[in-house]
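Student: I am new to this structure and would be grateful for a close look at a single part of it. Could you please choose one place to begin and lead me outward from there in one connected account?

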Amino acid sequence: MLLAVLVCVLIPPTQAVGVDWSKTHLVTLTTVEYALEPNHLLLRRDTAYRLHVENHGRELHELTAPDFFKSVELHDPDALNREHTEIVLQPNEQKDLYFVTLRSGHYDMWCADHDWAGMTGDITVE
């Protein structure tokens with residue numbers, strides 16, 4: 001009994017409990033050579049989102065945002081790579097990432113293979 005009480009006290013409740021994932025706010029981002037469109041995302045704190053990312057380019061592109069992905073509660077992290085730092089997309093591929101924003105802040109995003117060409121942007125959570 002004491003162990004159950006300690007677990008409840010030590011593990012914070014998740015924000016995603018009770019979220020209706022079919023009613024999330026849709027945010028769409030497209031990758032092309034060599035840009036993220038849009039290159040600035042404005043999100044609200046404590047809100048559930050579906051980030052829909054499409055690769056309209058002819059090359060592999062990533063949406064890399066490790067600090068941002070660490071700052072949200074992921075519903076289903078399968079869209080991310082193993083390290084949970086980026087979404088990797090082959091040409092003509094699309095993926096959805098469901099999450100709840102937990103902290104306000106400003107986060108960088110970029111394509112890990114093409115940031116040198118200006119394929120960068122940012123995410124602001126208010």
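Tutor: Let us begin with His25, which lies in strand E1, a strand that spans residues 25-32. Please keep in mind that the model is predicted. The relative accessibility of His25 is 47%, and because that value lies between the limits of 20% and 50%, His25 counts as partly exposed.

The contacts of His25 lead to another part of the chain. Leaving aside residues up to four places away in sequence, His25 touches Thr47, Ala48, Tyr49 and Arg50. Tyr49 stands 24 residues from His25 in sequence, yet the two C-alpha atoms are 4.6 Å apart in space.

From Tyr49 the path continues into strand E8, where Phe99 is its bridge partner. Strand E4, residues 48-55, and strand E8, residues 94-101, run antiparallel and are joined by seven bridges. In general, strands of a sheet pair through backbone hydrogen bonds, in either a parallel or an antiparallel manner.

These strands belong to a wider arrangement. An open sheet is formed by five strands in the order E2-E1-E4-E8-E6, with mixed pairing. Its edges are strand E2 (35-37) and strand E6 (72-74), each of which pairs on one side only. On average, neighbouring strands of this sheet are turned by 30° against each other, direction ignored.

The account now passes to the nonpolar interior. The largest nonpolar core contains 25 residues, and Leu51, Phe68, Ile87 and Ile123 are those with the most contacts inside it. Among the elements that give two or more residues to this core are E1, E4, E8, helix H2 (66-70) and strand E10 (120-125). The most is given by E4, with three residues. Ile87 shows how varied the surroundings of one core residue can be: beyond residues up to four places away in sequence, Ile87 touches ten others by name, including Leu51, Val53, Phe69, Leu80 and Leu97, together with His61, Glu62 and Lys95.

Strand E10 also holds Asp122. Asp122 is buried yet has no salt bridge, and the nearest side chain of opposite charge, Arg44, is 16 Å away. Not counting residues up to four places away in sequence, the contacts of Asp122 include Asn39, His40 and Leu41, as well as His106, Tyr107, Asp108 and Met109.

Let us finish with the backbone in several loops. A cis peptide bond, with omega about -15°, joins Glu33 and Tyr34; Tyr34 is found in the loop between E1 and E2. The peptide bond from Glu37 to Pro38 is also cis, with omega near 0°, and Pro38 has its place in the loop between E2 and E3.

Two further loop residues have a positive phi. Asp46, in the loop between E3 and E4, has a phi of about 60° although it is not a glycine. With a relative accessible area of 43%, Asp46 is partly exposed. Asn92 lies in the loop between E7 and E8 and has a positive phi of about 65°, although it is not a glycine either. The relative accessible area of Asn92 is 68%, so Asn92 is exposed.

Definitions and conventions
Residues are numbered from 1 along each chain as its sequence is written. This is a predicted model: local features need pLDDT of at least 70, side-chain atom pairs count only at pLDDT 80 or more; totals for chains, interfaces and linings use all residues. Side-chain values use heavy atoms; hydrogens and water are left out. Helices (H or I, at least four residues) and strands (E, at least two) are DSSP runs, numbered from the N terminus. Buried means under 20% relative accessible area, exposed over 50%, partly exposed in between (1.4 Å probe, protein chains only). Contact means heavy atoms within 4.5 Å. Two strands pair if DSSP finds at least two bridges between them. Axes are lines fitted to C-alpha atoms, for helices over the stretch in contact, and angles run from 0 to 180 degrees between N-to-C directions. A nonpolar core is a set of buried Ala, Val, Leu, Ile, Met, Phe, Trp, Tyr and Cys residues joined through side-chain atoms within 4.5 Å. Lys and Arg count as positive and Asp and Glu as negative; His and the chain ends are not counted. A salt bridge is a side-chain nitrogen of Lys or Arg within 4 Å of a carboxyl oxygen of Asp or Glu.
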